[in-house]
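Visitor: I am new to this structure and would like a close look at a single part. Please pick one sheet, go through it strand by strand, and then place it in the chain.

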Amino acid sequence: MEQMNILILDVGSTSMRGVLFRSDGKILCTNSVQTPHRQEGRLHEQSPVVLTNGLMEICRQSAVMDKIHAVALTAFRSAPTIVNKHGEALCSFIMWQDTRSEEICQELRSQCDDLPRRCGAPLSTLQTATKLTYLRRHQKEVYRRGYKFLVVPDYLLHCMTGNFVTDRTYGSRSLLMELEADDWDQELC
């Protein structure tokens, strides 16, 4: 059987790491790049360009060592951006540490008693939906021009494949997916 090389990408808040494994478990190379984000008070944002450049650099460094046959990706959740129909980001990612949506959470708390039962998580500034509500209210033009919202792994998958896809684990952290139905909840959306 022919050996297969798998690039594992791990995207964190301040760095991105890549490990190229051969299918027999041998590590062919490891790489990392810094992916800084901007912090000002409650604001924590990351430029999509930083993540795209990090992805490209790790792929380039790994491809020098050997051919890449498959890629596995893991990343932090709940940090959305809004993209156009081509997948181009219209704003920075609002990072998981960002708490600008606290007032929105306070406003909606009394309306969300059944939220944990429906989607598995309580209302908080950590979740994607509260960050999207913040964008809808404070960056109206960006929100209006948007085609989809993507969290970091979805954005990087789009960069690699041109497809808009997500994983249930990322969807479940959005406050927009109904767990029992295993689908987007139209009322929450």
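Guide: What follows starts with one sheet, turns to what lies against it, and ends with the whole chain.

The model is predicted, so local features need pLDDT of at least 70 and side-chain atom pairs count only at pLDDT 80 or more, while totals for chains, interfaces and linings use all residues. Residues are numbered from 1 along each chain as its sequence is written, and side-chain values use heavy atoms, with hydrogens and water left out.

The sheet is open and has four strands in the order β3-β2-β1-β6, with mixed pairing. Its edges are β3 (27-34) and β6 (70-75); each has a single partner strand, so one side of each is left without a neighbour in the sheet. Direction ignored, neighbouring strands of this sheet are turned by 15° against each other on average. Strands here are DSSP runs of E with at least two residues, helices are runs of H or I with at least four, and both are numbered from the N terminus. Two strands pair if DSSP finds at least two bridges between them. In general, strands of a sheet pair through backbone hydrogen bonds, either parallel or antiparallel.

Take β2 and β3: they run antiparallel and are joined by seven bridges. V19 has T30 of β3 opposite it.

Between β1 (5-11) and β2 (15-22) comes a loop, and S13 lies in it. S13 is buried, because its relative accessible area is 15%; buried means under 20%, exposed over 50%, and partly exposed in between, with a 1.4 Å probe and protein chains only. The side chain of S13 makes a polar contact of 2.7 Å with that of W96. A polar contact is a pair of N or O atoms within 3.5 Å; within protein, one must be able to donate a hydrogen and the other to accept it, and residues adjacent in sequence count only if both atoms are side-chain atoms. Neighbours within four places in sequence aside, S13 is in contact with T35, H37, Q46, F76, M95, W96 and Q97, where contact means heavy atoms within 4.5 Å.

Two helices lie across strands of the sheet. Helix α1 crosses β1, β2 and β3 and runs at about 155° to β3. Helix α6 (residues 152-161) lies across β1, β2 and β6, at about 155° to β6. Axes are lines fitted to C-alpha atoms, for helices over the stretch in contact, and angles run from 0 to 180 degrees between N-to-C directions.

Within α1 (residues 48-65) lies Q61, which is partly exposed at a relative accessible area of 29%. Its side chain forms a polar contact of 2.6 Å with that of E57. The C-alpha atoms of Q61 and G18 are 9.2 Å apart, although 43 residues separate them along the chain.

As for the whole, the chain has seven helices and 11 strands. Of its 189 residues, 42% count as buried. Along its principal axes the C-alpha trace spans about 55 × 35 × 30 Å. Among contacts between residues at least 6 apart in sequence, 60% join residues at least 24 apart.
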